[in-house]
Amino acid sequence: MQISNRLSGSVLAALGAAAAWGGSRLPPVPGQDVGPAAFPMVIGFGLVACGVLIALGIGRSFEVEETPEPLTWRVLVPPGLLVFYVLAANELGFLLTAAAMVLAAGLALGARPRLALAMAVIAPPLVHLAFYKLLRVPLPAGLLPAPWA
Amino acid sequence: MNDLAEAVRIVLATDVLIAILASAVYGLVVGSLPGLSATMATALLVPVTFWLSPIAAIATIITASAMAIFSGDIPGALLRIPGTPASAAYTDEAYAMTRKGQAELALGAGLWFSAIGGIVGTLSLMLMAPLLAEMALSFSSYEYFWLALLGLMCATLVARSSPIKAIASMLLGLLIACIGMENPAGTPRFTFGVTDLLGGIEPIPALVGVFAVSEVMRAMASAEPPKLPPRRFGSILANQWLLTKRYQWQMWRGNIVGIIIGVLPGAGADMAAWVSYAMSKKFSRTPELFGTGHPEGLVEAGASNNASLASGWVPSLLFGIPGDTITAIAIGVLYMKGLNPGPTLFTERASSMYALYIIFILANIIMIPLGIVMIRLASVVLRAPRSAVMPVILLLCAVGAFAIGNNPFSVLMVGVFGVLGFVMERQGFPVAALVLGIVMGNMVEQNFVTSLIKSDGDVWPFFERPVSSVLAAFTIGALLWPLGVWIWNRLKSTTGEIVR
């Protein structure tokens with residue numbers, strides 16, 4: 001825990017320094033002392049201070065130590081699937097992209113293949129119906145347009 | 001009186017009533033599923049509110065959040081897994097009662113005192129809001145600056161976490177809010193040449209990412225919760241009147257503490273439940289019974305978290321400063337629907353405000369019958385395999401984010417914030433402070449810069465006006481509070497050692 005505190009504190013301090021520096025280089029408003037630079041600089045300095053304190057381990061007495069679950073590669077599945085959605089939705093269309101997402105996420109969560117497949121077949125059309133028909137969200141049709149679209 | 005009649009007419013419209021009923025069922029189901037919080041339930045509702053009338057939209061948020069906060073008690077009592085963070089404070093107690101064969105009493109107390117807390121909280125909202133509205137009319141940018149900052153500081157006073165990490169989270173949120181052109185000079189700031197960043201980071205994709213996607217990620221790493229064995233419940237409300245009489249004082253104290261914490265900008269239901277449970281134990285005549293399945297703390301904390309939910313709307317409606325993460329979402333919806341928060345809301349749109357109060361009371365009344373049905377169906381709902389629920393949640397995150405601006409970039413942002421929320425939570429950084437920072441960043445900056453320009457760069461006028469000096473004192477107090485606690489504990493332990 002202490003190693004990661006040192007790491008997260010340093011990252012925050014570096015980010016704060018970068019924010020303050022980046023903020024200070026913003027063009028000022030002509031004829032005005034206070035411009036777009038002021039706020040990022042205040043925040044940047046605050047982050048540097050917090051980062052240093054965290055790295056030094058100050059404030060740890062307030063924390064309740066909880067041992068988190070061990071990491072697995074599977075935690076990257078949800079964000080990965082969102083990226084997949086952005087890249088594929090226009091080409092494949094909503095129904096196919098969504099089916100692939102539900103199937104992959106279900107399998108990664110340890111669902112039996114039959115359940116994951118069933119969810120992948122049932123859920124996307126229902127979501128499409130609700131968002132496309134009721135809420136009029138222009139979901140892409142792609143290769144497999146929904147019959148009601 | 002005309003306004004009141006008008007309000008009743010607004011609420012009794014078919015679309016509003018359907019919205020209340022549907023969002024009640026939705027809130028109950030989502031809140032009862034472990035890992036799906038009330039904030040998440042509300043965030044995923046936002047795309048739906050686009051197509052509703054203003055009052056129906058607000059009704060869905062009020063109803064769904066109230067139901068989800070109660071419903072979070074169900075898996076807490078039956079499985080020892082809090083359904084929402086607001087139930088976490090008394091989950092062990094409720095589970096201990098279930099093991100003693102008092103599941104009905106524990107769940108019934110959750111339901112009954114949630115409903116009472118919600119109604120008392122609403123009454124406080126009705127009483128306080130118009131009074132404060134008068135005062136708020138005279139507020140200048142100095143007061144708004146301190147009020148917004150106070151909200152952010154209160155959001156950092158989170159139980160069980162390092163205050164420094166909480167402040168860092170909040171600052172990170174403010175920094176994220178700096179992205180885009182929404183700044184005093186209108187220059188692109190921290191956009192790194194990305195066109196999609198010019199408009200800034202929308203709070204809703206950030207919320208959905210932090211509260212929903214990171215939860216799906218967490219599910220990937222943790223074991224599936226145990227299945228609930230089918231069980232038959234006896235009467236849910238049987239002994240609640242007895243409890244109400246025996247713990248009347250605790251109930252009122254819970255209500256009042258909940259109301260106070262709710263009114264504080266930034267502090268919400270989770271905080272109210274933790275504080276009230278701790279307070280109940282401290283003042284109890286039988287503190288040794290706490291943790292062994294004793295309803296006293298349950299009564300007080302259950303009354304408290306729902307009371308805070310209603311009073312959390314006071315700063316939101318009056319100043320546009322969220323009382324917690326749920327009202328942070330609600331404020332976005334209010335703006336979208338042309339009900340811009342501010343003191344004039346109470347003078348010019350009085351009927352809408354009355355309608356809002358009626359919806360609050362209605363939601364807390366129908367909570368009782370619907371809650372009983374939900375408790376009885378809990379073993380069915382909780383049997384839904386997580387590997388079937390979570391993929392659908394992920395899909396809804398993607399579609400919901402896309403629906404807000406029909407922009408795929410929002411979906412990407414949801415993923416980015418999912419990862420950020422997941423990493424931060426693992427490192428012990430409270431994510432609610434981050435979210436409130438993002439939501440309130442523009443407001444803090446605008447009032448900060450306006451005030452500085454007015455004062456010619458001088459800091460003194462920030463403290464000059466009476467109300468702003470009081471607010472400044474509170475804010476600085478909130479900042480120094482953890483330091484005081486630390487010194488106090490230090491002194492206590494050293495004197496303890498000397499005595500020994």
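In this predicted model, B:Ser169 sits in helix 9 of chain B, the stretch that covers residues 163-178. Is B:Ser169 buried or exposed? With a relative accessibility of just 1%, B:Ser169 counts as buried, because the cut-off for that label is anything under 20%. Its side chain also has a polar partner: it reaches the backbone oxygen of B:Pro430 at 3.2 Å. B:Pro430 turns up again in the list of residues in contact with B:Ser169, once neighbours within four places in sequence are set aside. The others on that list are B:Met424, B:Phe429, B:Ala433 and B:Leu434.

Zooming out, the chain around this serine is built from helices, with 22 of them and 0 strands. How does the spread of chain B compare with the globule rule? The radius of gyration is 22 Å, close to the 23 Å that the rule gives for 500 residues, so chain B is as compact as a globular protein of that length. Its C-alpha atoms fill a box of roughly 65 × 65 × 55 Å along the principal axes. Out of the 500 residues in chain B, 61% count as buried, and B:Ser169 is one of the residues that carry that label. As for contacts between residues at least 6 apart in sequence, 78% of those in chain B join residues at least 24 apart.

The outside of chain B can be summed up too. Its accessible surface comes to about 18,800 Å², and carbon and sulfur atoms account for 66% of that. Chain B has 28 positive and 26 negative charges, and the mean positions of the two sets lie 13 Å apart.

Then there is chain A, which has 5 helices and 0 strands. Read from the N terminus, its elements simply go α-α-α-α-α. The radius of gyration here is 24 Å, well over the 15 Å that the globule rule gives for 149 residues, so chain A is more spread out than a compact globule. The box filled by its C-alpha atoms is roughly 60 × 50 × 25 Å, again taken along the principal axes.

Of the 149 residues in chain A, 40% count as buried. Among its contacts between residues at least 6 apart in sequence, 58% link residues at least 24 apart. Chain A has an accessible surface of about 8,100 Å², with 69% of it belonging to carbon and sulfur atoms. On the charge side, chain A has 8 positive and 6 negative charges, and their mean positions are 14 Å apart.

Methods
Residues are numbered from 1 along each chain as its sequence is written. Chains are lettered from A and ligands numbered from 1 in the order in which they are written. This is a predicted model: local features need pLDDT of at least 70, side-chain atom pairs count only at pLDDT 80 or more; totals for chains, interfaces and linings use all residues. Side-chain values use heavy atoms; hydrogens and water are left out. Helices (H or I, at least four residues) and strands (E, at least two) are DSSP runs, numbered from the N terminus. The radius of gyration is taken over C-alpha atoms; the globule rule is 2.2 Å times the number of residues to the power 0.38. Buried means under 20% relative accessible area, exposed over 50%, partly exposed in between (1.4 Å probe, protein chains only). Contact means heavy atoms within 4.5 Å. Accessible areas come from the Shrake-Rupley method with a 1.4 Å probe; for residues, only the protein chains shown count as cover. Lys and Arg count as positive and Asp and Glu as negative; His and the chain ends are not counted. The place of a charge is taken as NZ of Lys, CZ of Arg, CG of Asp or CD of Glu. A polar contact is a pair of N or O atoms within 3.5 Å; within protein, one must be able to donate a hydrogen and the other to accept it, and residues adjacent in sequence count only if both atoms are side-chain atoms.
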